[in-house]
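Colleague: Could you take me through one small part of this model, slowly and in plain words? I'd like to know what touches what, starting from a single residue and working outwards.

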Amino acid sequence: MDVRALRYFTEVVRQQSFTRAAQKLYVTQPTISKMLRQLEEELGCTLILRDGRRLHLTDSGQAVYQRGLAILQEFHQLEAEIGDINQLKTGELRLGIPPMVGMQIAGSISAFRRRYPGVALKISEFGGLTVQQAVLAGSLDIALTALPVEADLPLNTLPLMHHPLCVLLPRRAEWLNRSHIGLSELAEHPLLIFNEEFSLNRQLMQAFQRLGITPTIAVRSGQWDFLAAMVQAEMGVAILPEPICQRLDKQSLLWLPLESELKWSLGLIWREGSYLSRSAQAWIDCCHEHWPDDAPRLSV
């Protein structure tokens with residue numbers, strides 16, 4: 001059913017005249033007559049009876065008129081809501097972030113909330129691999145995760161920032177004069193590592209595998225502060241992104257650059273071929289503003 005036909009029909013009933021309805025709607029009278037005939041043919045019933053200059057609704061016409069008013073009101077409301085969404089006065093953004101990136105992304109989250117206070121920002125914190133699966137399943141619109149993702153996953157990626165990895169150590173004399181540590185040397189020490197749902201875990205294990213090394217995993221955890229506490233308790237050594245290490249206690253802990261091509265690269269991901277909402281596009285713009293040098297421009 002054409003919404004215009006309902007609009008023309010209800011206006012004819014209001015005006016009690018085809019001529020006045022045509023003037024009100026800025027169309028010709030034959031256009032209105034044609035649309036009403038099509039509506040009656042589609043519904044298989046007569047809606048209006050003419051009695052001289054007066055118009056009378058049939059029982060079917062009365063039902064269509066009452067329902068038509070409600071439908072047109074709902075349609076008007078829908079148009080208003082779509083307009084608000086397009087202008088980002090309302091809407092929702094389902095964003096996934098790994099627990100480690102809170103400090104890195106806090107500025108862009110704050111800027112987004114100030115700019116679009118009507119958009120509901122729903123943040124889910126998971127490890128990188130879990131976030132990727134949530135994006136693929138459609139339960140998240142967009143997410144920040146460690147890059148690269150697996151090449152065969154149908155995900156669009158947008159790199160944002162890159163940080164070196166460091167080896168976190170207890171502050172002991174044997175480490176104080178060292179400038180860096182390689183992956184092969186870590187095989188000699190118990191390793192404290194993020195659990196399997198984190199992309200960094202996968203990247204590190206693949207790097208060890210390429211070197212033919214099987215590390216001794218002492219502890220797996222999803223919490224960087226717990227891993228740091230275990231290092232402080234001399235349970236082993238950990239590999240953490242440099243920004244995380246900078247937040248730790250320098251009196252009891254020491255971190256040295258990891259001698260490796262590995263980096264902690266973070267970027268946005270969203271499902272390939274899926275609709276990217278206006279709120280998600282606005283989020284990308286906020287990220288561009290906070291990382292203008294690292295993030296390439298993207299047309300979406």
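Modeller: Here's a walk through the helices at the start of the chain. First, this is a predicted model, where local features need pLDDT of at least 70 and side-chain atom pairs count only at pLDDT 80 or more, while totals for chains, interfaces and linings use all residues. Residues are numbered from 1 along each chain as its sequence is written, and side-chain values use heavy atoms, leaving out hydrogens and water.

Let's start with Glu 11, which sits in helix α1, residues 3-15 (helices are DSSP runs of H or I, at least four residues, numbered from the N terminus). Glu 11 is buried, with a relative accessible area of 8% (buried means under 20%, with a 1.4 Å probe and protein chains only). Its side chain makes a polar contact with the side chain of Arg 14, at 2.9 Å (N or O atoms within 3.5 Å, one able to donate a hydrogen and the other to accept it). Setting aside neighbours within four places in sequence, Glu 11 is in contact with Ala 21, Lys 24 and Leu 25 (heavy atoms within 4.5 Å).

Ala 21 and Leu 25 turn up again in α2, among the residues that meet α3. Phe 18, Thr 19 and Ala 22 join them on the α2 side, facing Gln 29, Ile 32, Ser 33 and Leu 36 from α3. By type, the residues of this contact are 6 nonpolar, 3 polar and no charged.

As for how the pair is arranged, the axes of α2 (residues 18-25) and α3 (residues 29-43) come within 8 Å and cross at roughly 105° (lines fitted to C-alpha atoms over the stretch in contact, with angles from 0 to 180 degrees between N-to-C directions). So α2 and α3 are roughly perpendicular to each other, a label for angles of 65 to 115 degrees.

Note on methods
Helix = DSSP H or I, 4+ residues; strand = E, 2+ residues; numbered from the N terminus. Buried < 20%, exposed > 50% of the residue type's maximum accessible area, 1.4 Å probe, protein only. Parallel < 35°, antiparallel > 145°, perpendicular 65-115°, else oblique. Nonpolar A, V, L, I, M, F, W, Y, C, P; charged D, E, K, R; others polar.
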